Amino acid sequence: MAFFPFFWLLKEGCSHYCTAVEAAVEYIHVHLYDKIVLRDVAEAAGISPCHLSRIFRRDTGISIVDYIQKERVNSARHMLIYSDYSIAMISEYLHFSSQSYFIRIFEKYIGMTPGQYKRNYHKEISW
């Protein structure tokens, strides 16, 4: 899974609601390592949670939950490669409800478990 700048996320013909979606994405990135609640994201975007869910999917093609999961998995990938944190620590740090849920979501997007990913891609860092 590659990281793409936000503007690649938007569908062609994005409407005036893009500013609310952009605000939501910014909030998600700033708070990626915090517990994220739809109500707080919507408040940051200045619209209701229901309306934000609707326009986010319309403008991006994915739900807010899927977007948050993808961003957290992307962050986990980097942590698995460049740190010595355990899978349990990473799942807790990224606010997954449990380690088993983290493993399931990671495998859904990456196609392998975090343990397999770490064994394949972990870099020993020497300063």
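**Helix 3 and the largest pocket**

Me: Which residues of helix 3 are buried?
Reply: Let's begin with helix 3 in this predicted model. Buried means under 20% relative accessible area. In helix 3, the residues that count as buried are Val41, Ala42 and Ala45.

Me: Why do the buried residues of helix 3 line one face of the helix?
Reply: An α-helix has 3.6 residues a turn, so residues three or four places apart point the same way. Look down the axis of helix 3: its buried residues line one face because they fall within an arc of 95 degrees.

Me: Which exposed residues does the face of helix 3 turned away from its buried side carry?
Reply: Now turn to that other face of helix 3. Exposed means over 50% relative accessible area. The exposed residues carried there are Arg39 and Glu43.

Me: What do the buried residues of helix 3 pack against?
Reply: Contact here means heavy atoms within 4.5 Å. By that test, the buried residues of helix 3 have two packing partners, helix 2 (18-30) and helix 4.

Me: Which helix gives the largest share of the lining of the largest pocket?
Reply: The largest pocket has a volume of about 330 Å³, and 16 residues line it. Helix 3 (38-45), helix 4 (49-60) and helix 5 (64-82) each give two or more residues to that lining. The largest share, five residues, comes from helix 5.

Me: How many residues in the lining of the largest pocket are nonpolar?
Reply: Sort the lining of the largest pocket by class. Five of its residues are polar and two are charged. The nonpolar residues number nine.

Notes: Residues numbered from 1 in each chain as written. Predicted model: local features only at pLDDT ≥ 70, side-chain atom pairs only at ≥ 80, totals over all residues. Heavy atoms only, no water. 1 Å grid on protein atoms, 1.4 Å probe; cavity = no way out; pocket = protein on both sides within 12 Å on 5 of 7 lines; lining within 4 Å. Points joined across faces, edges and corners; volume = space filled by probe spheres on them. Helix = DSSP H or I, 4+ residues; strand = E, 2+ residues; numbered from the N terminus. Nonpolar A, V, L, I, M, F, W, Y, C, P; charged D, E, K, R; others polar. Buried < 20%, exposed > 50% of the residue type's maximum accessible area, 1.4 Å probe, protein only. Arc of directions from axis to C-beta.
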